[in-house]
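Colleague: I've got this model open and would like a close look at one spot in it. Could you pick a single residue, walk me through its surroundings, and then set it in the wider fold?

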Amino acid sequence: PQGYGPPARPSYSAPSGPVVPILKDDRQGPDQAGNYNFNFETGDGISRQEQGAPHGPAGAVAAQGGWSFTFPDGSPGVFKFVADGAGYRVESPLLPTPHPLPPHAIAQIEFARQQEAAGPRPTYGAPARPGYN
């Protein structure tokens, strides 16, 4: 009969797939000031690079870099990023982008901006009764 018990222990003695060589592995830092950079590339076409340095009064690290690889169909995947006080931003032609707004939606947004810039609008209707929300 099939019983329940702990899973078999994994074997770490033999690779589970092909061994991919590391072609480049350059690393520097972090130094005394907190600056660092690294760049590596593997034999299957994966590359990753990043540079970072402290910025601002709190010394938070701002970084930039990217990574690339090749999809199974041979097409490239390329990504760049910036991480700083404004957040984490990634750029790539592979990332989805929203459809452009239609002209009538842009006109409605502009109308709302103009209304807000004109100041408060009067409220109409019966006054609120005390004790009711």
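Modeller: Sure, let's take Ser92. With a relative accessibility of 15%, Ser92 falls under the 20% cut-off, so it counts as buried. Keep in mind that this is a predicted model.

Where does Ser92 sit? It belongs to the loop that runs between β6 (87–91) and α1 (103–117). If you skip the neighbours within four places in sequence, the residues in contact with Ser92 are Val78 and Phe79. The Val78 part has a polar side to it: a polar atom of the Ser92 side chain lies 2.7 Å from the backbone oxygen of Val78. The Ser92 side chain also reaches the backbone nitrogen of Leu94, at 3.0 Å. Put together, the side chain of Ser92 has a backbone oxygen at Val78 on one count and a backbone nitrogen at Leu94 on the other.

Now for the strands around there. β5 spans residues 76–84 and pairs with β6 in the antiparallel sense, over five bridges. One bridge to look up in your viewer joins Phe81 to Val90 in β6. The two strands, β5 and β6, make a hairpin, with two residues between them.

Zooming out, that hairpin is part of an open sheet of six strands, in the order β1-β2-β3-β4-β5-β6, with antiparallel pairing. β6 and β1 (22–28) are at the edges with a single partner strand each, so each has one side without a neighbour in the sheet. On average, neighbouring strands here are turned by 10 degrees against each other, direction ignored. Over at the β1 edge, the partner is β2 (residues 36–42), and that antiparallel pairing runs over six bridges. If you want a residue pair to check there, Gln28 has Asn37 in β2 as its bridge partner.

One more stop, for contrast with our serine: Asp73, in the loop between β4 (60–70) and β5. Asp73 has a relative accessible area of 65%, over the 50% cut-off, so it counts as exposed. Its side chain still makes a polar contact, at 2.7 Å, with the side chain of Ser75. For a sense of distance, Asp73 and Ile46 are 27 residues apart in sequence, and their C-alpha atoms are 15 Å apart in space.

So there are two loop residues to compare on screen: Ser92 is buried, whereas Asp73 is exposed.

Note on methods. Residues numbered from 1 in each chain as written. Predicted model: local features only at pLDDT ≥ 70, side-chain atom pairs only at ≥ 80, totals over all residues. Heavy atoms only, no water. Helix = DSSP H or I, 4+ residues; strand = E, 2+ residues; numbered from the N terminus. Buried < 20%, exposed > 50% of the residue type's maximum accessible area, 1.4 Å probe, protein only. Polar contact = N/O pair within 3.5 Å; in protein donor to acceptor, adjacent residues only side chain to side chain. Contact = heavy atoms within 4.5 Å. Pairing = 2+ DSSP bridges. Axes fitted to C-alpha atoms, helices over the stretch in contact; angles between N-to-C directions.
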